[in-house]
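This report goes through selected features of one protein chain. It covers aromatic pairs, helices, pockets and a few single residues.

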Amino acid sequence: MEIVIQPTYARLAEVAAEIIRDALLKKPNLVLGLATGSTPIGVYEALVEMHKTDGLDFSGVTTFNLDEYVGIPSDHPYSYHTFMETHLFSLINIPPENRHIPQSTAVGHVGFCERYEAAIVAAGGIDIQVLGIGKDGHIGFNEPSSSLGSRTRIKTLARSTLEANAPHFGGTIDAVPKMAITMGVGTIMEANQCLLLASGESKAAAIANAVEGPITAEVPASVLQMHPQTVVVIDEAAASQLKRIDYYKEVYANKLELLDQEI
Ligand code: GLP
């Protein structure tokens, strides 16, 4: 795992967007796994800026979103379909037919989940999977106790997740959809690279458990320790409970120095 600690959320977002930009410049038909939640918003803003200012071209890109609530229409103001439209898709040039988001209905979900997995394989697999993290260590909507080998399926959301998302649904957890379709942990692990983002003190314990704790289904993000190419981009507050913080900073500083020498 590469741990990149940035002083602020704004820098975290820029560094993550630069990783995606550099990959896109090398591979114009990049396959991106995308996440929702407040954490990636700054990354999407930076990518939109690169598109507008530098002409960064997304016309060959294919995307697969991690998850979607079940039981609300796709055009609901807080559906992940709406989120992606608002924060990214309406602002850059990814062809609509290249964008994939799990459906928001349970009808025919078994077949849908199989087709979603098959579409990822048909696209050549995910090159970079963007991930946020829940306070309980979940990735996508893979709540604690999710099988570390799980595939795209319906999951019931944990109470802590319902509480975290309640502000989006009028402040009451009764209004939050109880289930979601999510890529599985095993699906996520097949991405070539994972880009785990976290900001703020409320994520510090989850990051410490995911990066330095035991690998366990109790903290689904901890399985990323087994992934050969995971980059964890976090701000100081989210890094505050890590034991080896000085070492991670030294490793990253040395990497930047080596990159400078190469230029
Ligand atoms: C939800 C999403 C996750 C996201 C998490 C954290 O549970 N399904 O993909 O990582 O929220 O969201 P935030 O970035 O808003 O803290």
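Rings of Phe, Tyr and Trp (its six-membered ring) are paired here if their centres lie within 6.5 Å; planes under 30 degrees apart count as stacked, over 60 as edge-to-face and the rest as tilted. The model is predicted, with local features needing pLDDT of at least 70 and side-chain atom pairs counting only at pLDDT 80 or more, while totals for chains, interfaces and linings use all residues. Residues are numbered from 1 along each chain as its sequence is written, and side-chain values use heavy atoms, with hydrogens and water left out.

**Aromatic pairs**

One aromatic cluster is formed by Tyr69, Tyr78, Tyr80, Phe141 and Phe169. The ring rule gives a count of 8 aromatic pairs. In the pair of phenylalanine 64 and tyrosine 116, the ring centres are 5.8 Å apart and the planes stand at 85°, so the geometry is edge-to-face. This pair links distant parts of the chain, 52 residues apart: phenylalanine 64 belongs to strand E3 (residues 62-65) and tyrosine 116 to helix H4 (residues 109-122). Helices (H or I, at least four residues) and strands (E, at least two) are DSSP runs, numbered from the N terminus.

Burial is stated by relative accessible area: buried means under 20%, exposed over 50%, and partly exposed in between (1.4 Å probe, protein chains only). Phenylalanine 64 counts as buried because its relative accessibility is 1%. Tyrosine 116 is also buried, with a relative accessible area of 3%.

**Helices H1 and H2**

The expected span of a helix is 1.5 Å times one less than its number of residues. Helix H1 (residues 9-26) has 18 residues and should span 26 Å; its end C-alpha atoms are 26 Å apart, which agrees. Its buried residues are Leu12, Ala13, Val15, Ala16, Ala17, Ile20, Ala23 and Leu24.

For helix H2 (residues 41-54), with 14 residues, the expected span is 20 Å, and the 19 Å between its end C-alpha atoms agrees with this. Gly42, Val43, Tyr44, Ala46, Leu47, Val48 and Met50 are buried in H2. The elements that cover these buried residues include H1, strand E2 (31-34), H3 and strand E9 (193-198). Glycine 55, just after H2, has a positive phi of about 70°.

**Pockets**

On a 1 Å grid over the protein atoms alone, a pocket is an open set of points where a 1.4 Å probe fits, with protein on both sides within 12 Å along at least five of seven lines; lining residues have an atom within 4 Å of a point. Grid points are joined across faces, edges and corners, and a volume is the space filled by probe spheres set on the points. For residue classes, Ala, Val, Leu, Ile, Met, Phe, Trp, Tyr, Cys and Pro count as nonpolar, Asp, Glu, Lys and Arg as charged, and the others, Gly among them, as polar.

| Pocket | Volume | Lining residues by class |
|---|---|---|
| Largest | about 750 Å³ | 14 nonpolar, 18 polar, 4 charged |
| Second largest | about 570 Å³ | 10 nonpolar, 3 polar, 9 charged |

The largest pocket is lined by 36 residues, of which Thr36, Gly37, Ser38, Asn165 and Lys203 are the closest to its centre. At least two lining residues each come from strand E4 (67-70), helix H3 (80-89) and helix H5 (159-165). H3 supplies the largest share of this lining, 5 residues.

The second largest pocket has 22 lining residues, and Glu18, Ile19, Asp22, Gln193 and Lys255 are the closest to its centre. Strand E1 (2-6), H1 and helix H9 (245-262) each contribute at least two residues to the lining of this pocket. H1 gives the most, with 8 residues.

**Single residues**

Asparagine 93 is in the loop between H3 and strand E5 (99-100). It counts as partly exposed, at 28% relative accessibility. Its C-alpha lies 9.6 Å from that of valine 48, although the two are 45 residues apart in sequence. Residues up to four places away in sequence aside, asparagine 93 touches His51, Leu56, Asp57, Phe58 and Ser59; contact means heavy atoms within 4.5 Å.

Cysteine 113 is part of helix H4. At 5% relative accessibility, cysteine 113 counts as buried. Outside its neighbours within four places in sequence, cysteine 113 is in contact with Thr152, Arg153 and Ile181. Cysteine 113 and threonine 182 are 69 residues apart in sequence and 8.7 Å apart in space, C-alpha to C-alpha.

Serine 145 lies in the loop between strand E6 (128-131) and strand E7 (153-156). Serine 145 counts as exposed because its relative accessibility is 51%. Its phi is near 90°, a positive value in a residue other than glycine.
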